[in-house]
Amino acid sequence: MNRTDRLYALVEDLRAISPRCRSARELAGRFEVSVRTIERDITALQESGVPIYAEPGRRGGYALDKKMSLPPLNFTPAEAVAIAVALSQAGDQPFGRQARSALHKVVSAMPGREGDLARELARRVQLVSPPSEPGPQARPLGAEGISRAIEEALLRRRVLRLDYADAKGALTSRDVEPGVFLGGRGGFWYLVAWCRLREDVRVFRLDRAAAAVVTMERCPDRPLEGFAPDVPEMVVHGTLLD
């Protein structure tokens, strides 16, 4: 990164977290330069009129005037993740870097708990695609309301009652603990969940689900890593908010 790009990135980084601050050491680590270089860059920005000020103390650092930052936004966690999924599927595109920067600002400006919920939900929405192949065409998400019920169950960490047909068309009703919403393989979307009927992790293709109802029962805590799908020929991409 040349100095001009770094100066721009410094301002954007401080704008995203304003009115919070970052220390010179944190900034140096993020941009892989020395603390002295960061201090010179901040001085240059201040001299050019950028309203950056220093917060003293052990937890102090550099902050951007809050007038140049976004106020708290009324985006829901699901809306923020929806934007991230759209960006993940777009790949390299014109203004892609600016789009990811805009998303970072949106999430950083969300109230604390909403931002934390959005990040947790984003960890449970993943995309897979075959290496070196273009993204597949989107396919149906299943019966009406299926996707919405899964989204709600993931967000609220609730057990989902699922009516599901296997590859041969046999229909079963089962309670599942949603783990990961997985999209992209063959254009289909999948739910990776702990199936109480089978007492094991199972992968459910959404277009085979006949019905889904969110129950009031909260899911027990299970490590997210336990829901990793066994698709060695695929590349798994997390949904990134930061």
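A residue counts as buried when its relative accessible area is under 20%. By that cut-off A24 is buried, because its relative accessible area is 12%. The values here come from a predicted model, and A24 is a convenient place to enter it.

A24 lies in helix α2, which spans residues 24-31. Leaving aside residues up to four places away in sequence, A24 touches V35, I38, E39 and Y62. One of these, V35, is 11 residues from A24 along the chain, and the C-alpha atoms of the two are 5.7 Å apart.

The rest of α2 can be read from its buried residues, which are A24, L27, A28 and F31. Viewed down the axis of α2, these residues fall within an arc of 100°, so they line one face of the helix. The general rule behind such a pattern is that an α-helix has 3.6 residues a turn, so residues three or four places apart point the same way. R25 and G29 are exposed, on the other side of α2. The cover over the buried residues of α2 includes α1, α3 and strand β2, residues 61-64.

After α2 comes E32, whose phi is positive, near 55°. E32 is not a glycine, and its place is the loop between α2 and α3, the latter being residues 35-47. E32 counts as exposed because its relative accessibility is 74%, and the cut-off for exposed is over 50%.

Two of the elements that cover α2 also pack against each other. Two packed helices are described by the angle between their axes and the distance between the axes. For α1, residues 3-17, and α3, the angle is about 80° and the axes are 11 Å apart. That angle makes α1 roughly perpendicular to α3. On the α1 side the contact is made by R3, R6, L7, L10, V11 and L14, which meet T37, I38, R40, D41, I42, A44 and L45 in α3. Sorted by class, the contact between α1 and α3 has eight nonpolar, one polar and four charged residues. I38 of α3 appears in this contact, and I38 is also among the residues that A24 touches.

Further along the chain, helix α7 covers residues 146-156. Its buried residues are I146, S147, A149, I150, A153 and L154. The buried residues of α7 cover an arc of only 160° around the axis, which puts them on the same side of the helix. Just after α7, R157 takes a positive phi of about 55°.

Next come the charged pairs. Side chains of opposite charge can pair when their charged atoms come close. A search of the whole structure finds 13 salt bridges. One of them joins the side chains of R22 and D13, with 2.6 Å from N to O. Both partners, R22 and D13, are buried.

Another salt bridge is formed by the side chains of E217 and R196, at 3.0 Å from N to O. This pair links distant parts of the chain: E217 is in strand β8, residues 209-218, while R196 is in the loop between β6 (189-195) and β7 (200-205), 21 residues apart. E217 is partly exposed, with a relative accessible area of 39%, and R196 is partly exposed at 29%. The E217 and R196 pair also belongs to a network of salt bridges that links E177, R196, E217 and R222.

The loop between β6 and β7 also holds E199. Phi of E199 is near 55°, a positive value in a residue other than glycine. E199 is exposed, with a relative accessible area of 62%.

A further salt bridge pairs the side chains of D207 and R205, at 2.7 Å from N to O. Its partners fall in separate accessibility classes: D207 is partly exposed at 29%, whereas R205 is buried, with a relative accessible area of 18%.

For the chain as a whole, there are seven helices and nine strands. Buried residues account for 41% of the 242 residues. Of the contacts between residues at least 6 apart in sequence, 66% join residues at least 24 apart.

Note on methods. Residues numbered from 1 in each chain as written. Predicted model: local features only at pLDDT ≥ 70, side-chain atom pairs only at ≥ 80, totals over all residues. Heavy atoms only, no water. Salt bridge = Lys/Arg side-chain N within 4 Å of Asp/Glu carboxyl O. Buried < 20%, exposed > 50% of the residue type's maximum accessible area, 1.4 Å probe, protein only. Helix = DSSP H or I, 4+ residues; strand = E, 2+ residues; numbered from the N terminus. Axes fitted to C-alpha atoms, helices over the stretch in contact; angles between N-to-C directions. Parallel < 35°, antiparallel > 145°, perpendicular 65-115°, else oblique. Contact = heavy atoms within 4.5 Å. Nonpolar A, V, L, I, M, F, W, Y, C, P; charged D, E, K, R; others polar. Arc of directions from axis to C-beta.
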